[in-house]
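Please read the points below with the coordinates open beside you. They go through the paired strands, the unusual backbone geometry and the overall form of the chain in turn.

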Amino acid sequence: MSDKPVADDLTNAGPGWGALAPRARFTTTLPSMSLNGTWSFAWWPSRVDAPADVWTHAETYSSWESIPVPSSWSMPIHGYGAPNYTNRRYPFPLTPPFPPDANPTADHLLRFDVEPEFLRGARLRFDGIDSAGEVWFNGQCLGTTRGSRLPSEFDVSPLLRQTDNVLLVRVSQYSAASYLEDQDMWWLPGIFRDVTLLSTPPGAVEDVFVRTAFSDGHGLISVDVSGADGSRIDAESTIAELKTVNLTGDLMDIGPVRGWSAETPRLYELTVTTAHETISIPIGFRTVEVVDAELRLNGRPIVLKGVNRHEHHPDFGRAVPREVVVDELKLMKQHNINAIRTSHYPPRPDMLDLADELGFYVIDECDFETHGFQLADWRANPTDDPAYRDALVDRMSRMIERDKNHPSIIMWSLGNEAGTGTNIEAMAAAARSRDASRLIHYEGEWASTQVDVYSRMYATHQEVELIGRFEEPPLEEIDADAHRRTLPFVLCEYVHAMGNGPGGLTEYQELFERYPRLAGGFVWEWLEHGIRRSPDDAGFAYGGDFGEVVHDGNFVIDGLVSADRRPRPGLLDFKKVIEPIRMTIDDSWGRLSIVNMHDFVDLSTFDVEWRVDTIDGTVVRGSLPPIECPPHESTTIPIPRGEEMHRIWADSATMIMSVVTRHATAWCSAGHEIAWAQSRHPNSPGHPTPAAAAIIATSSPDGKLRLGAGEFDLQTGELVLLGGIPVSGPELQLWRAPTDNDRGKGDRRRPVPSDIRWREDGLDRLVQRRASTVIEQDRIDVEYMVAAPGDDREIAFDLSWTCRDDGRLALDVRVRPDEGWTGTWPRIGVVMVFAHEFTTSSWVGSGPGPKYPDTGQATRWGRHTLSVSELSTPYVRPQENGSRADVTAVSLDDGRRSLLIEGRAFSFSARHWSTADLTRIDHVDLLAPDGNTYVELDFAQHGIGTAACGPGPLSAYDLEPHAVEARILISASDIGASA
């Protein structure tokens, strides 16, 4: 118990009071009891509305409502208040340490009985309360909690009884501690992590700290056990010498062991046995260090291929079910991800158990961010406020104590986007004094005087290359500059995965692999934070959808997977870019070159399978003999060329080589593809050669001009029917529905966001004027002039129609802009609108996913089939998406009518709504088919980039206005023809 005042002072900038000293989380044979489940619940929109006498109010619980614990009470499925999303700006004034009067508050009450063994001693553990908890038990206030994403344990031994225990927790959404928790996410109050009663009889172990290291194949270990006498150490027989380790002392060499890494996550079971209990702790042997400005693990340089991971569920908010966490970490491993930054707070504790077991390098980040103070030039920033020092050191210490035994953690992070100040120094000192075996990370201080790695966010490719070459601009302070140049470089956030994208992945990875100083990075971010308004909601809500006055819109919808963990195209691209095995098939398909990019494993546990596809649908498969190739080595092996292979080679085809797992693992089944390479035969089809003869156009009494399957207006020369289907267009299309990256903040090269520049040029409202129509015997030529209202710059847009003797319409397109056009265009293409809903698409080109100039690394060239609806990626905020590139033929059909378009390497997309709708509508579930099929054919596209929060497209992917000439062939039939 404590002599602290009973009332919770929400203006107190210090830590909570009453809790026991922080300690590690471990498994013990002593009993524990989960208190998760249905609790009684009372809610008020403001703290001042809640009864002042907390415990007296508990006596009225029979009239309360109920809520599950863990939960976030403001989620729609619970309906108490509403979520609100901000990125930087706080939803209350910057007047620390005062919380706002409008401070939603709730009481949570549980009655429970216990077994007799708990009566010898027990403690109550809360793994997460957002934001300020006041804990009452059997009539007495145990204390308060601060640090929403950190555990608090309270001694209940003097008060616990076998029956009718009453636990009451009052939670307020805001407190002085809220100024430390401005972490670019939904503000979601509640008891959102586990609540557990732990048996702790006299003599129970208080804490265990296991330190390990790995050197020259040997394991080193020390074990500190506190709170129990007469303990002994036991371990797996494979580390027999471990039994001789003292309970305290320096690291001791215990002989040969297998080291732990993300590629080889070898764990040993350490047990601590006393008269009362046996404690089990999985341990891994690894040493993290910086050598010659390289990040090394167990003596070898490593590259972090990581993601930033928030904890969010579209229905439950921060109360993410364990099975969801298991599935998402397996999904990461299946996509070659090897590292996680726990942005921007310590994760639920069992996530780190999974990281140890599955194999991830983890940056464990403190529950600390004050980003919104940047908007006030960092005035009154808690980072430099002595009143907050104890709270911040407390948060750092509690994170380290909870997580110190996890081999997966290679860095402690002091927090995120909190500026600079003396409290950063105090936190770093506290971390080093407790655990010097891990590196210290903090991005907010670019001088890097307090850290062991140089960390940045969203640095451009050019900046990253300079840093890799040790040629970045020097710091003014000579000693600080010299120190920073000894550090490895990490992009703790890069390639902002928001909506369509991200672009630039390949070029960043090439830099990471070229320069040893560059230790990789973490994509922002893993998961979109959409919220379902109801369990059957087809879409996701974002900032502003719950009536928030202050919010940051859909900036919370950024991730490689959707809120319900469905992979976005960016995740598939990322997997390809970071694949740990690189292959090249030579032009004759006679040899395969392999580079093993792994840091610790050879290729003996993988199989290499090949597949050859011909355009006529023939598929031939085979496999190569087992491959021996050590880490960071290369080899070349012959590809068998049997008689059938020679025949296919002559017929033209594509070959795909796949490296797959030979055996099932903890995160994938046998045969899971790790890496692949493709080679196209030189004779693979490109532009089909049209027949030479031409068909004469004929007119009809209804005022139409017939040319093959097309009918044209006799006066204007415009196509009105194709295969009996009403059609409008082709129209010149330079606009695309802005992607989140197009709408982003711009970058140093072009500080104005792309979509603003394109709107200023009027590309979203072009006006087409028919300048001339020439109808000859065998052709129709139509010239248009296109310009924006109020603009004198024009674009000549010419269409020439002919028809070949095989019935295919040939369309020659010419686009010729005036010299006055500058900057970039989103695209150069045409759109045709068919008054018919085609349902299926089949094409020859890149696929099955989308591809833009700087994305689509995961696509493969070949024949692909998808429904028209599957061509679109359901990004929460509608935007340009779904374009398939390098296409030579595409067919659309509905089982009755078929449309075939052929050409030389164009891009296409097909949708049941217009680009105007994609531009206008702000939620994907509001898009509705209008009975048409919009077919967009692009001859050039602007890159995607990552300017939602980072650099725009590299200059190589800029689409500058220029002339284009292209030819496409179009045919239609009444049967389901395929390309």
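1. In this predicted model, a convenient place to begin is Val 844, which stands opposite Ala 889 in S54. The pair belongs to an antiparallel arrangement in which 5 bridges join strand S52 (residues 840-847) to S54. Strand S54 itself spans residues 884-893 and is mostly covered, with 9 of its 10 residues buried.

2. S54 also pairs with strand S55 (residues 898-911), again antiparallel, through 7 bridges, and here Val 890 stands opposite Ile 901. S54 and S55 form a hairpin with 4 residues between the strands, where Gly 895 takes a positive phi near 90 degrees. As a general point for anyone inspecting such pairs, the side chains in a regular strand alternate between the two faces of the sheet.

3. A second set of pairings is centred on strand S37 (residues 606-613), which is joined to strand S40 (residues 654-661) by 8 bridges, the two running antiparallel. Within this pairing, Asp 607 has Val 660 of S40 as its bridge partner. S37 is also joined to strand S38 (residues 619-623) by 5 bridges, likewise in antiparallel fashion, and in that pairing Arg 611 has Arg 621 as its partner. The hairpin formed by S37 and S38 has 5 residues between the strands, and Gly 617 in the turn has a positive phi of about 100 degrees.

4. Two peptide bonds deserve a check by eye, given that most peptide bonds are trans. The bond joining Ser 343 and His 344 is cis, with omega at about -15 degrees, and His 344 lies in the loop between S27 and helix H3 (349-358). The bond from Trp 524 to Glu 525 is cis as well, with omega near -10 degrees, and Glu 525 is found in the loop between strand S34 (518-523) and helix H9 (569-577).

5. The backbone also departs from the usual pattern elsewhere, since most residues other than glycine have a negative phi. Asp 377, although not a glycine, has a positive phi of about 55 degrees; Asp 377 lies in the loop between strand S29 (369-370) and helix H4 (389-403). Ser 448, which is not a glycine either, has a positive phi of about 65 degrees, and its place is in the loop between strand S31 (439-441) and strand S32 (454-457). Are these two residues buried or exposed? Asp 377 is exposed, with a relative accessible area of 61%, whereas Ser 448 counts as buried at 1% relative accessibility.

6. Ala 339 is placed in strand S27 (residues 339-341) and is buried, with a relative accessible area of 0%. Leaving aside residues up to four places away in sequence, Ala 339 touches Leu 304, Lys 305, Gly 306, Val 307, Phe 360, Tyr 361 and Phe 522. A separation of 9.7 Å is found between the C-alpha atoms of Ala 339 and Ile 409, which are 70 residues apart along the chain.

7. Asn 84, in strand S5 (residues 84-86), counts as buried because its relative accessibility is 11%, and the cut-off for that class is under 20%. With residues up to four places away in sequence again left out, the residues that Asn 84 touches include Pro 91, Gln 173, Tyr 174, Met 185, Trp 186, Trp 187 and Glu 548.

8. Turning to the whole chain, there are 12 helices and 57 strands. The radius of gyration is 32 Å, close to the 30 Å that the globule rule gives for 979 residues, so the chain is as compact as a globular protein of that length. Along the principal axes, the C-alpha atoms fill a box of roughly 100 × 65 × 60 Å.

9. Of the 979 residues, 61% count as buried, and the chain exposes about 35500 Å², of which carbon and sulfur atoms supply 49%. Where contacts between residues at least 6 apart in sequence are considered, 74% of them join residues at least 24 apart. The chain carries 92 positive and 144 negative charges, and the mean positions of the two sets are 2 Å apart.

Technical notes: Residues are numbered from 1 along each chain as its sequence is written. This is a predicted model: local features need pLDDT of at least 70, side-chain atom pairs count only at pLDDT 80 or more; totals for chains, interfaces and linings use all residues. Side-chain values use heavy atoms; hydrogens and water are left out. The radius of gyration is taken over C-alpha atoms; the globule rule is 2.2 Å times the number of residues to the power 0.38. Buried means under 20% relative accessible area, exposed over 50%, partly exposed in between (1.4 Å probe, protein chains only). Contact means heavy atoms within 4.5 Å. Accessible areas come from the Shrake-Rupley method with a 1.4 Å probe; for residues, only the protein chains shown count as cover. Lys and Arg count as positive and Asp and Glu as negative; His and the chain ends are not counted. The place of a charge is taken as NZ of Lys, CZ of Arg, CG of Asp or CD of Glu. Two strands pair if DSSP finds at least two bridges between them.
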